[in-house]
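Trainee: Could we go through this entry together? I should like to begin with the overall fold and then turn to the side chains.

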Amino acid sequence: MPEVERKPKITASRKLLLKSLMLAKAKECWEQEHEAREAEKSRYLAERIPALQTRGLSLSALQDLCRDLHAKVEVVDEERYDIEAMSGMEGRKKMFDAAKSPTSQ
């Protein structure tokens, strides 16, 4: 019995059109998610961080405020560094343990 060449159920142009429509929809959804994340981020920051009031402060009060802010930034940077160092050590430790295990050979 000779092989009958089957025609595709969907034409190439229709397939391309559907693909472009799907990509457009995916891009639209991604942009909406991105905007929603940005709005949530702004809302969260506005809720958690009060607006900085510098109007009417004297020079010494502004200097004190800057010192306080620098001290807080330093503390946060130290914590971030510690977290990054610990996560880096944990990641290296896991890779080393995986390389030593007999199942990886």
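Mentor: The discussion below takes up the fold, the surface, the cysteines and the salt bridges in turn. Please keep in mind that this is a predicted model.

Trainee: How many helices and strands does the chain have?

Mentor: There are two helices and zero strands. Helix α1 covers residues 12-48, and helix α2 covers residues 59-100.

Trainee: What share of the residues counts as buried?

Mentor: The share is 0% of the 105 residues in the chain.

Trainee: And how much area does the chain expose?

Mentor: About 10600 Å² is exposed, and 61% of that area comes from carbon and sulfur atoms.

Trainee: Which residues make a nonpolar patch on the surface?

Mentor: Ile-10, Leu-17, Leu-18 and Leu-21 form one of about 310 Å². Ile-10 belongs to the segment that precedes α1.

Trainee: Is Ile-10 buried or exposed?

Mentor: Ile-10 falls in between: its relative accessible area is 35%, so it is classed as partly exposed.

Trainee: Turning to charge, which residues gather in a negative patch?

Mentor: That surface patch brings together Glu-74, Glu-78, Glu-79 and Asp-82.

Trainee: Where is Asp-82 placed, and why does it count as partly exposed?

Mentor: Asp-82 sits in helix α2. Its relative accessibility is 46%, and therefore it is counted as partly exposed, since that class lies between the limits of 20% and 50%.

Trainee: Let us change topic. How many disulfides does the structure hold?

Mentor: It holds zero disulfides. As a reminder, a disulfide is a covalent bond that joins the sulfur atoms of two cysteines.

Trainee: What is the accessibility of Cys-29 and of Cys-66?

Mentor: Cys-29 has a relative accessibility of 31% and is partly exposed. Cys-66, at 41%, is also counted as partly exposed.

Trainee: Now the salt bridges. How many are there?

Mentor: The structure has seven salt bridges. One of them pairs the side chains of Lys-25 and Glu-28, with an N to O distance of 3.9 Å.

Trainee: Where do Lys-25 and Glu-28 lie relative to each other?

Mentor: Both are in helix α1, three residues apart, which is about one turn of the helix. Lys-25 is partly exposed at 46% relative accessible area, and Glu-28 is partly exposed at 37% relative accessibility.

Trainee: What is the partner of Arg-43 at 2.8 Å?

Mentor: Arg-43 forms that salt bridge with Glu-47, and 2.8 Å is the separation of the closest N and O atoms. The two residues are about one helical turn apart because they are four residues apart in helix α1.

Trainee: How exposed are Arg-43 and Glu-47?

Mentor: Arg-43 is partly exposed, with 41% relative accessibility. Glu-47 reaches 56% and therefore counts as exposed, the cut-off for that class being over 50%.

Trainee: Which residues are linked with Arg-43 in a network?

Mentor: Salt bridges link Glu-40, Arg-43 and Glu-47 in a network.

Trainee: One last pair, please: what joins Glu-84 and Arg-80?

Mentor: Their side chains meet in a salt bridge, at 3.4 Å from N to O. Both residues are in helix α2, and because they are four residues apart, about one helical turn separates them.

Trainee: And what accessibility do Glu-84 and Arg-80 have?

Mentor: Glu-84 is partly exposed at 44% relative accessibility, and Arg-80 is partly exposed with a relative accessible area of 44%.

Methods:
Residues numbered from 1 in each chain as written. Predicted model: local features only at pLDDT ≥ 70, side-chain atom pairs only at ≥ 80, totals over all residues. Heavy atoms only, no water. Buried < 20%, exposed > 50% of the residue type's maximum accessible area, 1.4 Å probe, protein only. Areas by Shrake-Rupley, 256 points an atom, 1.4 Å probe, with all protein chains shown as cover. Patch = residues over 30% accessible without salt bridge, like charges linked within 9 Å, V, L, I, M, F, W, Y side chains within 5 Å. Salt bridge = Lys/Arg side-chain N within 4 Å of Asp/Glu carboxyl O. Lys, Arg positive; Asp, Glu negative; His and termini not counted. Charge placed at Lys NZ, Arg CZ, Asp CG, Glu CD. Disulfide = S-S within 2.5 Å.
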